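The following exercises ask the reader to work through a single protein chain step by step. Each task is followed by a worked solution.

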Amino acid sequence: MNTIKAFMVGIFFPTLIIPFALLLHYWLGYQNVIYLIFVHFIPIIWGIWNVLYFWICRHFLPADETMSGILTGGSLGIVVALIAIYWGDLPEILGLKGGIQYFPLVVAPILYAIIWVYVVTPLNKALGIQRS
């Protein structure tokens with residue numbers, strides 16, 4: 001049962017945010033972002049990442065919840081940014097050129113770590129999903 005709860009906690013935040021982010025990109029003239037299949041799988045990736053955290057990562061990450069959340073969210077941010085840049089060609093779709101096209105590799109891990117610490121970890125606690 002904890003696996004289902006962990007998956008649901010993981011998909012909660014991106015499921016709320018992605019429709020608004022896609023709508024904003026549409027209004028700003030980046031309609032091609034909507035057709036990136038990868039973007040629609042981000043909530044599922046978050047859910048699987050939270051499940052993997054409780055199955056595997058909790059055994060070797062620090063006991064401090066904040067540091068553990070930073071490492072978990074930051075590593076997810078790196079994975080998502082790498083997929084968006086190299087598989088989804090997101091910088092090209094957004095019109096980013098030169099070195100700025102790698103900007104998501106810096107921003108995504110930071111944002112994901114913050115979200116993981118202040119949204120996902122408290123939701124895990126609220127639903128009684130604990131590290132053992």
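Two residues are in contact when heavy atoms of theirs lie within 4.5 Å. The model examined here is a predicted one.

**Exercise 1. State which residues threonine 121 contacts beyond its neighbours within four places in sequence, and classify its burial.**

Solution. Step 1: threonine 121 is located in helix α6. Step 2: with neighbours within four places in sequence set aside, threonine 121 is in contact with Glu65, Gly69 and Trp116. Step 3: a residue counts as buried under 20% relative accessible area. Threonine 121 has a relative accessible area of 17%, so it is buried.

**Exercise 2. Describe the secondary structure and the overall dimensions of the chain.**

Solution. Step 1: the chain holds six helices and zero strands. Read from the N terminus, the order of elements is α-α-α-α-α-α. Step 2: along the principal axes, the C-alpha atoms occupy a box of roughly 45 × 25 × 20 Å. Step 3: a compact globule of 132 residues would have a radius of gyration near 14 Å, and the value of 15 Å for the chain agrees with this. Step 4: of the 132 residues, 34% count as buried. The chain exposes about 7900 Å², of which carbon and sulfur atoms supply 74%. Step 5: when contacts between residues at least 6 apart in sequence are considered, 76% of them join residues at least 24 apart.

**Exercise 3. Identify the residues that touch the most other members of the largest nonpolar core, and the elements that contribute to this core.**

Solution. Step 1: the largest nonpolar core has 22 residues, and those touching the most other members are Phe38, Val39, Ile42, Trp46, Leu76, Val80 and Tyr112. Step 2: two or more residues are given to this core by each of α1 (2–27), α2 (37–40), α3 (42–55), α4 (65–86) and α6 (104–126). Step 3: α3 provides the largest share, five residues. Step 4: take leucine 76 as an example. Residues up to four places away in sequence being excluded, leucine 76 touches Ile45, Trp46, Trp49, Tyr112 and Trp116.

**Exercise 4. Determine how many salt bridges the structure contains and which parts of the chain are linked.**

Solution. Step 1: a search of the whole structure yields one salt bridge. Step 2: its partners are the side chains of lysine 125 and glutamate 65, with an N to O distance of 2.8 Å. Step 3: lysine 125 belongs to helix α6 and glutamate 65 to helix α4; the pair is 60 residues apart and links distant parts of the chain. Step 4: partly exposed residues fall between 20% and 50% relative accessible area. Lysine 125 is therefore partly exposed at 44%, and glutamate 65 is likewise partly exposed at 33%.

**Exercise 5. Is isoleucine 18 buried or exposed, and which residues does it contact?**

Solution. Step 1: isoleucine 18 is situated in helix α1. Step 2: its relative accessible area is 13%, so isoleucine 18 is buried. Step 3: apart from neighbours within four places in sequence, isoleucine 18 is in contact with Val39, Ile42 and Pro43. Val39 and Ile42 are among the core residues that touch the most other members. Step 4: the C-alpha atoms of isoleucine 18 and proline 122 are 20 Å apart in space, with their positions 104 residues apart in sequence taken as a separation.

**Exercise 6. Give the location, burial and contacts of asparagine 124 and of leucine 36.**

Solution. Step 1: asparagine 124 lies in helix α6, and its relative accessibility of 4% makes it buried. Step 2: beyond four places in sequence, asparagine 124 touches Val9, Asn50, Phe54 and Ile129. Step 3: leucine 36 is placed in the loop between α1 and α2. With a relative accessible area of 14%, leucine 36 is buried. Step 4: not counting residues up to four places away, leucine 36 touches Gly88, Leu90 and Ile93. Step 5: leucine 36 and isoleucine 129 are 93 residues apart along the chain, and their C-alpha atoms are separated by 33 Å.

**Exercise 7. Which residues form a nonpolar patch on the surface?**

Solution. Step 1: the patch consists of Ile37, Phe41, Ile44 and Ile48, which together have about 370 Å² of accessible area. Step 2: isoleucine 48 is in helix α3. Step 3: the relative accessible area of isoleucine 48 is 44%, so this residue is partly exposed.

How values were computed: Residues numbered from 1 in each chain as written. Predicted model: local features only at pLDDT ≥ 70, side-chain atom pairs only at ≥ 80, totals over all residues. Heavy atoms only, no water. Core = buried A, V, L, I, M, F, W, Y, C linked by side-chain atoms within 4.5 Å. Buried < 20%, exposed > 50% of the residue type's maximum accessible area, 1.4 Å probe, protein only. Helix = DSSP H or I, 4+ residues; strand = E, 2+ residues; numbered from the N terminus. Patch = residues over 30% accessible without salt bridge, like charges linked within 9 Å, V, L, I, M, F, W, Y side chains within 5 Å. Areas by Shrake-Rupley, 256 points an atom, 1.4 Å probe, with all protein chains shown as cover. Salt bridge = Lys/Arg side-chain N within 4 Å of Asp/Glu carboxyl O. Rg over C-alpha atoms; globule rule 2.2 N^0.38 Å.
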